[in-house]
Amino acid sequence: MGIRQQLQAKKGYGPILVAGDSDGDAWMLRDFADTSVGLIVNRMKKGEIGADSKLAAEQLGQPQARFILQGRDESTGLMLPDEKSLKYGKSERKLLA
């Protein structure tokens, strides 16, 4: 609601970049026609954010990808230099749940 009231209503456009990592962010990632990039911190979740993550995985390597994934090491909280993430207690990085 804040984005619609503060940015879209006052400026006339939606956000260029949106980032999220959970189902609560999924709608924000896809609701604005002006959004060029939806950055998803890849927590390998299912649900709404999982659907967006799947779209991101399908768009890997495309120059105009709408969604992109950011890998993360759940043990350290640090971002990884690719799309795959490392779940807490695991030793192999994965792309999707």
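**Three paired strands and their helices**

Student: What makes S1 and strand S2 (residues 37–41) a pair?

Tutor: S1 and S2 are joined in the parallel sense over four bridges. Two strands pair if DSSP finds at least two bridges between them, so S1 and S2 count as a pair. One bridge partner is known by name: for Val18 it is Gly38 in S2. This is a predicted model, where local features need pLDDT of at least 70, side-chain atom pairs count only at pLDDT 80 or more, and totals for chains, interfaces and linings use all residues. Residues are numbered from 1 along each chain as its sequence is written, and side-chain values use heavy atoms, without hydrogens and water.

Student: Why is S2 called a strand?

Tutor: Strands are DSSP runs of E with at least two residues, and helices are runs of H or I with at least four, both numbered from the N terminus. S2 covers residues 37–41, so the name S2 fits that definition. The protein has three helices and three strands, in the sequence α-β-α-β-α-β.

Student: Why do S1 and S3 stand at the edges?

Tutor: The open, parallel sheet has the order S1-S2-S3. S1 (17–20) and S3 (67–70) each have a single partner strand, so one side of each lacks a neighbour in the sheet.

Student: How do you know which strands helix H2 touches?

Tutor: Contact means heavy atoms within 4.5 Å. By that definition H2 (residues 23–30) touches S1, S2 and S3.

Conventions. Axes fitted to C-alpha atoms, helices over the stretch in contact; angles between N-to-C directions.
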